[in-house]
Structure formats: C-alpha cells, structure tokens
Amino acid sequence: MQKKIAVLILIGLLVCAGAIFAGGAKEAPKAAAAAVEAGGEAPQLAAMVARGELPPVSERLPENPYVMEVFQEIGRYGGTLRRGYTGTGDTPGLQKMARVGFVEFGPDPAVIEPHMAERFTISDDGLVYTFYLRKGLRWSDGEPFTTADVEFAYRHIALNEELTSTPPARVRIGTQLVDLEILDDYTFRFVLPTISATFLQNLTTDDGWGANTPAHYLKQYHAEFAETAELERLVRAEGFEDWVQLFEAKASEWDNPDRPTMRAWVAVDPLGASVLRMERNPYYWKVDPAGNQLPYIDTIENRLFLDLETLLLATLSGQIDFQGRHLPWGQFPILMENRDRGNYEVYRYPMSWGSDYAFMPNLNVADPKLNELFNDRRFRIALSHAMDRDEINEVLYLGQAKVRAATAVPESPYYVPEVEMLYAEFDPAKSEALLREIGLSKGSDGYWRHKDGSELSFVLNNHGANADVLELVSEQWDSFGLKNEVVILDRALYTTRYRAGEFDIGGWAWGRGFQPLIAPKFVFPQDDTWNPGPLFGTWYSSGGTAGVEPPIGHPVRTAQD
C-alpha cells in the first residue's frame, strides 16, 4: 500500500519545515480574572448560578469529567479570542476550535484515548467495540446526552433512506453494515461484520458516529417522531418543500444557532455572518487538572474575510488574536516584520502533512482526451518531473520546506524511504520522453498536442489559499509546453465542483502523513473529495450505488479492493 500512495496521488509538492501561527496578545485580555480556585467556573456562569439561571457547576459536569492537561499553567477565565474565517466553505476552521468525539488521538499520536466515552473495550477477535459514556454528560441546553443520541444518529439519520440515500462509509465495512447495540443509557457497542484495521481511528473524526447529534432537539423535525400535521405546518412556515429539507436545515450546526451542541463553544450566529460568535458552553464536560470547568475563554469571534489579503492586513494591524489557517508560508517575513506593531507573536510548529500541496489530475474528467491522458500514469509522472520543486521552495517557502513526493513522513511507521522522492526530481528530459512515448507531439508554437494533433490544454483549480503555488507551477508547465490556466474559486464552489468531478486538475494539502489511513481519501479514492478520482470515490463510499465504477485492473480499483 505504501508504494501506491505516490503513484495514485502522484504529484506531491513539498512539506513545510513548520507552519505559520500568528496570534496571542502579549498581555492577557483585560477581561481575564485572577487565577480561579480549584473546582471553579467562569465568573459569568457563577453570576448566572447566583441569579438562578443555571444549576451549580457540580450539577452541570459529568460524574467523571474529562481532565485536560494544561500546556504551561492553569488558565484564567475571561476574554474574547478573535480569528478569521473565509465563508460558508470554512466550517473546518470552526470545528477545529472545538472538536468533539467519543475518542480522540492523545498527545502521543499512536494512542487513541477515550473522551466523551469514559472507557472502551475491544473484543479479542477485533469485531466488538464497546463504549461506556461518562455519566452526566449534557448538551449545551442542559439536556442529558445518552445512548439515545447515538442510536438516533445511526438508525434514524445514517440508515434513513430519505435523509441518506446510501448508508455512509462510516457505518459500513465494505458493503456490510456495522451493527449498533444499545446496552443501557450509557453503554453501546459496535459489532463489525469483519475486521477493520482503521475502525477506531475513524471514530476520532470530529462528530463521528453521533457524538454531536442532539436527538431530543431534532426529533421534532423528523417524520418518524413528529406529529404529521405539526411537521407539515413547520415545513410550510419555514418555506421548505418537505420535511427532509426542514430537518437538514435544523440539523446544520453552523447554519442553525438554536441547535444544541457538545462543543466547548456554542455558535450564536449563522454561517456567513460578518462576525460569527461562539460563546462558552455552560455544560461543557472537560476540566483542567485543578477541576476548573473549561473552556477558559468567554467568546470566540470569527470575522468573515472574503479574501486572504484582507485577513493578512487585519493580522498585521493586531485585529487577530489566534490564526493558523489561511496564513500561507510566503507571508512569514511580513508577519515577522510587523510583530511589534500588531502586538502578536509568530510560531512555527511541525506538520505531519505528507505534502503541503498535491496536484490531483481528475481521473473522472469529462473531456475524453484528457481522461485518457490523466488515467495514463506516464502522463502523471511526466507532469511531476516537469515541476521544479526547488524553485517553488525558494520562491514561495523561503527555502524552509523539504522537497518530496506526497507520502508518509519519516516519523510514521508507514514511511518507506524509497518512496519519498518518487518521481519528484525536476527532469524535463524524462518528461518529454514519456510524453513522446504516449504519442504526444509538439506543435510549431512549442506546445504539446494530443495524439490526433489537436490542442492539449487543461485548467488548474483551487481556492485562494494556494493560488501562489498554482501560479508558479502553471508557469513551469507552460514553459515546458503544457498549455494551462489557473482558475481560483470560492472554497464552497470549489468543493461542490470537486465532488461532482467538474475540474481538470485540482489539489489539496496531502494527507495525514503520520497515520495516513485516518483519512483514506488521500491514499486512494475513498470518497468524493481531495483525491484524484472523486466519482470513483463516490462509487466506493456508496457501496456501488452511485458514482463511477473503476475498471477491473485499474490502480484505483486495486487500491479500493
């Protein structure tokens, strides 16, 4: 499997020696209180308890709350953290501020720890995973979290044909369903039809398996639970065509601020707001080692930036407190130069991406001539050898990155040294030999042409975060005689078109380089995003009911098998 990583994705770029993080006011926010007493809570919540608006903190926490180790010291309550987001397609940035799940990767990335689950067991045969929830978990509205929420997410969403036409990949091993058994209010188990080496890893995904699906709230919008006349009234009142549209709107965490959550902060503004605020969850289930309920920060303000240049200017002027996303490495010098003026600090930290960016020729592209070329590995190899990664490193990464293919990082147990530079050398002569072997030829204008003599050209698509990389590679390929153009799209539109296979060459940061199979999509087309065959991935994730079936013997089919 390791040696197929670079062959299927192929055109990895390089990996950063570190990523940029700008933020952190040098002085604590003035709203921050003095160090709290052991077992404390935020002053704003204590005031609500005093007014009778909230129960005491001891009644809001589970019997055995999750204890989160602090990085440096016990924190102080208060303050607003300001960051940026880029619109409706940037929900991952919001989620990463407050992940939630039954299990999570620990500080040692080789260890998966219980989180909302107090503990879990795996049967000797590897087929039965039993989870024991923390007793007393509560939603942000104070309602109990129990196995009823897990069952609702599984049986009435994932397996409801009106809401989910095909059971999603997370509830299947291949084409066979994983069975859910509810043992009591706090204990449930998954019974697998066959061994899955990645099942527990996949449970670490944000909100995986119903860890953030409020059954008590959503049942009022679900046809299996709501009274028919009342549900029809709600559909009409909200302006939807049917209950499915109504349910999906109400279930959307970032579009519907009324929806309860298990996250540390609760969104109080809808996605797309000029400032999307997230306020402390009074029922959050984690504490620090002194027993103080988390989180420390009162509010997160996510300010909408429609272009990355404006976000950079806001960061430089001290309007941003914490930001890792959307600050490309090329901005490192200007961020460093303006630290004092903006009152922020800049940090570099190691990344485990296999490649900071990977170009992904669409194996499902509609154009038949491009489709034939993109599915010929010789053409993909030729593209890779026509890319000067050293120039990209010096111009865009200030020489701080490491040139490599898209594959596991050296620290990974899956690392294969021979693969790290597979097809990654700049070798135009080798590229030309491969293209001529395919049957392509150069016209009098210096550009390569299809076998029938017609013009060969393609489009490089992405959203704004990687525009500089696309522009430089576009120039390199053009100078080699590969006619192309760069089209930058809004992230939401780019995602939509990618999933539909409506692009020539797309791309994304490649993979989870330490544990590649926690996101199998980067290793082979497992779903419809960020891999070279989105329609092949749809076929795989749908169990063969949608998408495009890879031909028998195709490398994608072999990897899927």
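The accessible surface of the protein amounts to about 24,200 Å², and 50% of this area belongs to carbon and sulfur atoms. The model from which this value was computed is a predicted one. Of the 561 residues, 53% count as buried. The C-alpha atoms occupy a box of roughly 80 × 55 × 50 Å along the principal axes, and the radius of gyration is 25 Å, which agrees with the value near 24 Å that a compact globule of 561 residues would have. In terms of secondary structure, the protein contains 20 helices and 26 strands. When contacts between residues at least 6 apart in sequence are considered, 67% of them join residues at least 24 apart.

One open sheet consists of 4 strands in the order β5-β17-β15-β14, and its pairing is mixed. Its edge strands are β5 and β14 (265-267), each of which pairs on one side only, and neighbouring strands are turned against each other by 25° on average when direction is ignored. The parallel component is the pairing of β5 (residues 80-85) with β17 (residues 299-304), which extends over 6 bridges; within it, Arg82 has Glu301 of β17 as its bridge partner, and Tyr85 stands opposite Leu304 of that strand. An antiparallel component is found between β15 (residues 275-280) and β17, which are joined by 5 bridges, with Val275 standing opposite Arg303 in β17. Strand β17 is thus paired in the parallel sense with β5 and in the antiparallel sense with β15.

A further open sheet of 4 strands has the order β8-β9-β13-β12, and here the pairing is antiparallel. Strands β8 (117-122) and β12 (179-184) stand at the edges with a single partner strand each, so that one side of each is left without a neighbour in the sheet. The twist from one strand to the next averages 20°. Between β12 and β13 (residues 187-191), which run antiparallel, there are 5 bridges, and Ile182 stands opposite Phe188 of β13. Helix α5 (residues 147-158) packs on this sheet, where it touches β9 (128-133), β12 and β13, and the direction of the helix makes about 160° with that of β12. Phe188 also belongs to an aromatic cluster, whose members are Phe102, Phe120, Tyr129, Phe131, Trp139, Phe145, Tyr154, Phe188, Phe190, Phe199 and Trp209.

In total, the structure holds 32 aromatic pairs. One of them is formed by Phe458 and Trp477 in an edge-to-face arrangement, with a centre-to-centre distance of 5.9 Å and an angle of 80° between the planes. Because Phe458 lies in strand β24 (residues 457-462) and Trp477 in helix α17 (residues 467-479), this pair ties together parts that are 19 residues apart in sequence. Both Phe458 and Trp477 are buried. The rings of Phe524 and Tyr540 likewise make an edge-to-face pair, since their centres are 5.4 Å apart and their planes stand at 85°. Here Phe524 is located in the loop between β26 (505-510) and α19 (534-541), whereas Tyr540 is part of helix α19, so the pair ties together parts that are 16 residues apart in sequence. With regard to accessibility, Phe524 counts as buried at 7%, whereas Tyr540, with a relative accessible area of 27%, is partly exposed.

Several loop residues have backbone geometry that merits separate mention. The peptide bond from Leu294 to Pro295 is cis, with omega near 0°, and Pro295 lies in the loop between β16 (286-287) and β17. Positive phi values occur at His326, where the angle is about 70° although the residue is not a glycine, and at Leu398, also not a glycine, where phi is about 60°. His326 is situated in the loop between β18 (322-323) and α11 (332-337), and its relative accessible area of 10% places it among the buried residues, for which the limit is under 20%. Leu398, by contrast, is found in the loop between α15 (389-396) and β21 (401-403) and is partly exposed, with a relative accessible area of 35%.

Terms used: Residues are numbered from 1 along each chain as its sequence is written. This is a predicted model: local features need pLDDT of at least 70, side-chain atom pairs count only at pLDDT 80 or more; totals for chains, interfaces and linings use all residues. Side-chain values use heavy atoms; hydrogens and water are left out. Two strands pair if DSSP finds at least two bridges between them. Helices (H or I, at least four residues) and strands (E, at least two) are DSSP runs, numbered from the N terminus. Axes are lines fitted to C-alpha atoms, for helices over the stretch in contact, and angles run from 0 to 180 degrees between N-to-C directions. The radius of gyration is taken over C-alpha atoms; the globule rule is 2.2 Å times the number of residues to the power 0.38. Buried means under 20% relative accessible area, exposed over 50%, partly exposed in between (1.4 Å probe, protein chains only). Contact means heavy atoms within 4.5 Å. Accessible areas come from the Shrake-Rupley method with a 1.4 Å probe; for residues, only the protein chains shown count as cover. Rings of Phe, Tyr and Trp (its six-membered ring) pair if their centres lie within 6.5 Å; planes under 30 degrees apart count as stacked, over 60 as edge-to-face and the rest as tilted.
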